[in-house]
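Q: Please take me through the strand pairings, the ligand shell and the backbone exceptions, showing how each is read.

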Amino acid sequence: MCGIVGYIGTHKARPILINGLKKLEYRGYDSAGIATIENNNIVCIKNKGRVKELENIDKVNSLGGTIGIAHTRWATHGKPSSTNAHPHLDNSKTFAVVHNGIIENYSELRKFLTDAGYSFLSQTDTEVIPNLIHYYYLKEDEKNTDKLACAVRKATLDLKGSYAISVLCSLEPDKIIVARKDSPLVIGVNDTEKYIASDIPAILEYTNNIYILNDGDLAKLTTDSITFYDNDFKIITKVPEVITWDAKAADKNGYEDFMLKEVYEQPTAIRETIGIRLSHGKKCDFSDINISKEYLSNISSIYIIACGTAMHAGLAVKPIFERLVSVPVIVDIASEFRYREPLINEKTLIICISQSGETADTIAALKNAKAMGCKTIAISNVIGSSITREADFTIYTHAGPEIAVASTKAYTSQITILSLLAIYFAEVLGLEENEMLQNLKNEILELPSKVSIALENTDIIKAFAKRIYKEKDLFFIGRGTDYAAALEASLKLKEISYIHSDAYQSGELKHGPIALIEDDVTVVGIITDRRLVEKSVSNLQEVITRGAKTLVVTNQNIDEKLFTNIVRIPQVHPLLSPVVSIIPLQLLSYYVAKEKGLDVDKPRNLAKSVTVE
Ligand code: F6R
């Protein structure tokens, strides 16, 4: 949930590190710090607040080293403060460490180090790491030419929990050591420059030749070389991946905020996600995952496991899987699944959805399911992310980097790829002649243009946002897949505009929540299923009668006179409709947050990828 950047090369490290931190601020932004080596000394500067504030410190501007590490933090252990910010130094100020993840046994390690004469300045779990490295470094044989890497490896062997670390040492000022376990870390290379990052977009403008470290890997970087070691400290060879994301994808590209840019990127993201999986008149192609007719005919259920928006994508595709594959689909929250004893076995197919591929709960749930004999499929947007290494099969969405904390294009891409997967399963099961399947395939190919149309219709949304931005409570209602979209719309509003909201199945209102409806309360209704129009309209009339003001998002033939605010979206099959109906509601949350003057991309208390429990 924090961000790491590192650099070793021939240029000044400071601008590269600060630039990288700005690209990573979406991962955490309550404090930031930087360390470089100058005249064989570590110079470390840290500050509470945003990267911009760190950048404006005079001492930061005068940093001249060509090797350095930097960090932007989202507090877990210890409140946001300059002392708790990274990098952390050992007592002798010889080692500087930046760390993502959580050291679960840090109290034990603190005690061990305190007994050995070390003291601590911060409340963080991280501060044990530089001191442990120092402890082991002193024990290394003087003749050992790989002292630093050995000491780091020994220190990491003592750590329980998750870590991605970068280490500087003033006694070996020409090296950076990096290591990872359960927290991502990559190394980018071009000629004599080497870049380290916890997330590819931070270094994409310098190189797209990226080494992805696996769990247990450690690497020693100098300006001339990189040496990779495995968990047993054996030297290994690695091949860089060539990342095809455009560096501009990690820029705002003229938009005021990343969120708005990403909302408008949805037609492209969906088109890229469909990619070669489907073309007109053809069957869906998922030949890269080994799922046979025999296996599919024998499964007894499908579990879709995820968190937050990704879980809402699961809810949105539950009906299409149930309709086409004819097995019960259970959508489960990863943090709940992992601590229950779910009724799963080798006849259960598990699909885990994670945009970042780094969500700790989702990865743990997948591991549990795998241990119980289930086949697992990961849906992720990030190549080489942790979940992709755990799952039996990985299917990528191709939404491009999602920087804004609020997930938008990942959500619609996830629904798209999962709908294609449901169709593929039906085809594998021999239902390819089914008329509904043909319709759904045609409709999926039309999703990018329908989303483009939905994105044009912003006037009513902007005006409605101006009317409601001071409210304290809002309700979203819908039936079937409209309810799934309502849940996601409600989450978007909460997270970026801090307005409390609830989502209900329209038919449930009268079983309790309608008691909350009084004069001027806002209710947003979604109506995209022809079969349910009358019932949904009646539910909205019930709240209007009780004084509510309403906004209706619909593609049905609903009388203008019934509602004051109607947002018209293109016709789309109800099984796919959240991809289109969510668009005006993503924009509603965006414009409400803007009216309130909030930082849309970096909402309070949130971070882009949640690598802790
Ligand atoms: C909401 C949001 C979160 C994430 C959730 C899962 O806008 O971004 O709810 O969807 O933390 O993240 P991933 O998909 O990376 O596992």
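A: Begin with one pair of residues: Gly 188 stands opposite Ile 210 in S11. The model is predicted, so local features need pLDDT of at least 70 and side-chain atom pairs pLDDT 80 or more, while totals for chains, interfaces and linings use all residues. Residues are numbered from 1 along each chain as its sequence is written, and side-chain values use heavy atoms, without hydrogens and water.

Q: What makes two strands a pair, and in which sense do S9 and S11 pair?
A: Strands pair if DSSP finds at least two bridges between them. Strands (E, at least two residues) and helices (H or I, at least four) are DSSP runs numbered from the N terminus. Strand S9 (residues 186-190) and strand S11 (residues 209-212) are antiparallel, over three bridges. S11 is also joined to strand S15 (residues 241-242), antiparallel, by two bridges; there the bridge partner of Ile 210 is Glu 241.

Q: How is a strand order read, and which strands are the edges of the sheet that contains S16?
A: In a regular strand the side chains alternate between the two faces of the sheet. Here an open sheet of five strands has parallel pairing and the order S17-S16-S18-S19-S20. Its edges are strand S17 (329-333) and strand S20 (393-396), each of which pairs on one side only. The twist from one strand to the next averages 20°; axes are lines fitted to C-alpha atoms, for helices over the stretch in contact, and angles run from 0 to 180 degrees between N-to-C directions.

Q: Which helix packs on this sheet and touches S16?
A: Contact means heavy atoms within 4.5 Å. By that rule helix H12 (residues 360-371) touches strand S16 (301-306), strand S18 (348-354) and S19, and its direction makes about 165° with that of S18. Helix H14 (residues 409-428) packs on the sheet through S18, S19 and S20, at about 160° to S18.

Q: Why is one side of S22 and of S25 left without a neighbour in the sheet?
A: The order in this open, parallel sheet of five strands is S22-S21-S23-S24-S25. Strand S22 (500-505) and strand S25 (566-568) stand at the edges with a single partner strand each, so one side of each has no neighbour in the sheet. Within the sheet, strand S23 (residues 522-527) runs parallel to strand S24 (residues 549-554) over six bridges, and Val 523 has Thr 550 as its bridge partner in S24.

Q: How many residues surround the ligand?
A: A residue is near a molecule if one of its heavy atoms lies within 4 Å of it. The ligand is surrounded by 13 residues, the closest being Ser 354, Gln 355, Ser 356, Thr 359 and Glu 495. Helix H10 (308-325) and helix H17 (481-497) each supply at least two residues of the shell, and H10 gives the most, with three.

Q: Which distances separate polar side-chain atoms from the ligand at Ser 354 and Thr 359?
A: A polar contact is a pair of N or O atoms within 3.5 Å; within protein, one must be able to donate a hydrogen and the other to accept it, and residues adjacent in sequence count only if both atoms are side-chain atoms. A polar side-chain atom of Ser 354 lies 2.6 Å from a ligand oxygen atom, and one of Thr 359 lies 2.4 Å from a ligand oxygen atom.

Q: Where are the backbone exceptions, Asn 39 and Pro 87?
A: Most residues other than glycine have a negative phi, and most peptide bonds are trans. Asn 39 has a positive phi of about 50° and sits in the loop between strand S2 (31-38) and strand S3 (41-48). A cis peptide bond joins His 86 and Pro 87, with omega about 5°; Pro 87 is in the loop between strand S4 (67-73) and strand S5 (88-89).
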